[in-house]
Amino acid sequence: MTRLFFDLVGPNDRSFDFHGRYFRDPKDAHEHAQLLSLDLSCMDLEKWHHAEVQVRDAFGSRLFSVPIIEIAELSAAA
């Protein structure tokens, strides 16, 4: 199992995940990052406007990121 960390990174703010979560499959980690992104997009948090969920390993290397999409963008895509 691999321990991964899910940081929230915006243009003016950053929130680090100091606990992390364990995943067996990288696909599961990507799905978790997408769920975090969707959850944040449902909140009206101005500081996470144009932000992303960055996923890193225990060594601090960035593996991938998922953008936090605004609700207006989600409804336009439907």
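Let us start with one residue, proline 67, which is found in strand 5, the stretch covering residues 62–67. The model you are looking at is a predicted one, and proline 67 makes a handy doorway into it. Is this proline buried, exposed or partly exposed? Its relative accessibility is 46%, and because partly exposed is the class between 20% and 50%, proline 67 counts as partly exposed.

What does proline 67 touch, once its neighbours within four places in sequence are set aside? Its contacts are then Ser37, Ala51 and Glu52. Proline 67 can also be compared with glycine 10: the two are 57 residues apart in sequence, while their C-alpha atoms lie 9.7 Å apart in space.

Glutamate 52 is a good place to move on to, since we meet it again in strand 4, where it stands opposite valine 9. That pair belongs to the link between strand 1 and strand 4 (residues 52–57), two strands that run antiparallel and are joined by six bridges.

Now follow strand 1 itself, residues 2–9. Is it mostly covered or mostly open to the outside? Six of its eight residues are buried, so this strand is mostly covered, buried being under 20% relative accessible area.

Strand 4 is one of the partners of strand 1. Strand 3, made of residues 21–23, is also antiparallel to strand 1, and three bridges hold the pairing. Here you can look for leucine 4, which stands opposite arginine 21 of strand 3. Strand 2, residues 14–15, pairs with strand 1 through two bridges, again in an antiparallel arrangement. In this pairing, leucine 8 has serine 15 of strand 2 as its bridge partner. Strands 1 and 2 form a hairpin, with four residues between them.

With these pieces in place, step back to the chain. How many helices and strands does it contain? There are two helices and five strands, and reading along the sequence gives the pattern β-β-β-α-β-β-α.

A few totals round off the tour. The chain has 78 residues, of which 32% count as buried. Among the contacts in the chain with a separation of 6 or more, 50% come from residues 24 or more positions apart. As for the surface, the chain exposes about 5,400 Å², and carbon and sulfur atoms supply 54% of that area.

Technical notes. Residues are numbered from 1 along each chain as its sequence is written. This is a predicted model: local features need pLDDT of at least 70, side-chain atom pairs count only at pLDDT 80 or more; totals for chains, interfaces and linings use all residues. Side-chain values use heavy atoms; hydrogens and water are left out. Buried means under 20% relative accessible area, exposed over 50%, partly exposed in between (1.4 Å probe, protein chains only). Two strands pair if DSSP finds at least two bridges between them. Contact means heavy atoms within 4.5 Å. Accessible areas come from the Shrake-Rupley method with a 1.4 Å probe; for residues, only the protein chains shown count as cover.
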